[in-house]
Amino acid sequence: MALKLNFDICVINSCGQLRFNETTWSYSTSNTGGYGSPNPTSVSASAASLVITNPSGTSYTVDLYSTGLYPTYNNTIYYDIPLSSIGNPSKIDDGEWTFVYSVTISGVTYTKEIHKYLYCNMQCCVDSMLPVVDLCDCCSETIEYSNYNTDRIYLESLKAAAKCSDRDKFESLRKIVEKLCLINNCKTCK
């Protein structure tokens, strides 16, 4: 058997912060990559870090070991990454992010890399359009309704591209949704 790290990242606080959650869990017959015999234990670790690369290509390293929380087999523990650890952005940018989680145990470093396509700001933009749509209008042919429907369709397509990790489609749809949000003067979460 071999230890196989797993984790997830999500955007929280109205597009204002990233949350880390390790999901490696304990070793079992259904999780042969988890912590514990015959694999190394999490308490034997001497280092744990997360390298975060934003859509602009800038990388930041977060020392998760120093938090006293990681590595862990407990998937109910979350760590909200301070904005100061990732360059103090005012919000988490939409686009492709890369996250590399590394744990060192007995001189061996285990790593797991994931790519996430984040779209929180675009979601907030499209969501902010709904209150101005008159859903009681029997014709529903207002320009606001048409704009909302168009933006929503593109956003749902963008979400599907993100789910499938289709970088090219995500980027082309991101440009369209961002342009539509700008044209329709909708609000972001921040």
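Lys91 sits at 25% relative accessibility, so it counts as partly exposed. In this predicted model, Lys91 forms a salt bridge with Asp93, with their closest N and O atoms 3.7 Å apart. Asp93 is partly exposed too, because its relative accessibility is 33%. What's going on in a pair like this? Side chains of opposite charge can pair when their charged atoms come close. Searching the whole structure turns up nine salt bridges.

Now let's head over to helix α2. Here Lys159 forms a salt bridge with Glu156, and the closest N and O atoms are 3.3 Å apart. These residues are three apart in α2, so about one helical turn separates Lys159 from Glu156. Lys159 has 22% relative accessibility and counts as partly exposed, and Glu156, at 37%, is partly exposed as well. The pair also belongs to a bigger group: salt bridges link Asp127, Arg152, Glu156 and Lys159 in a network.

Next up is helix α3, where the side chains of Glu178 and Arg174 meet in a salt bridge at 3.1 Å, N to O. Being four residues apart in α3, they are also separated by about one helical turn. Is each partner buried or partly exposed? Glu178 is partly exposed at 33%, whereas Arg174 is buried, because its relative accessible area is 16%, under the 20% cut-off.

So how do the two helices meet? The axes of α2 and α3 come within 9 Å and cross at roughly 155 degrees, which means α2 runs roughly antiparallel to α3. The crossing is left-handed. Among the residues in contact are Tyr154 and Leu158 from α2, and Phe170 and Arg174 from α3. By class, this contact has 11 nonpolar, two polar and three charged residues.

Technical notes:
Residues numbered from 1 in each chain as written. Predicted model: local features only at pLDDT ≥ 70, side-chain atom pairs only at ≥ 80, totals over all residues. Heavy atoms only, no water. Axes fitted to C-alpha atoms, helices over the stretch in contact; angles between N-to-C directions. Parallel < 35°, antiparallel > 145°, perpendicular 65-115°, else oblique. Left-handed = near helix turned anticlockwise from the far one by under 90°. Contact = heavy atoms within 4.5 Å. Nonpolar A, V, L, I, M, F, W, Y, C, P; charged D, E, K, R; others polar. Salt bridge = Lys/Arg side-chain N within 4 Å of Asp/Glu carboxyl O. Buried < 20%, exposed > 50% of the residue type's maximum accessible area, 1.4 Å probe, protein only.
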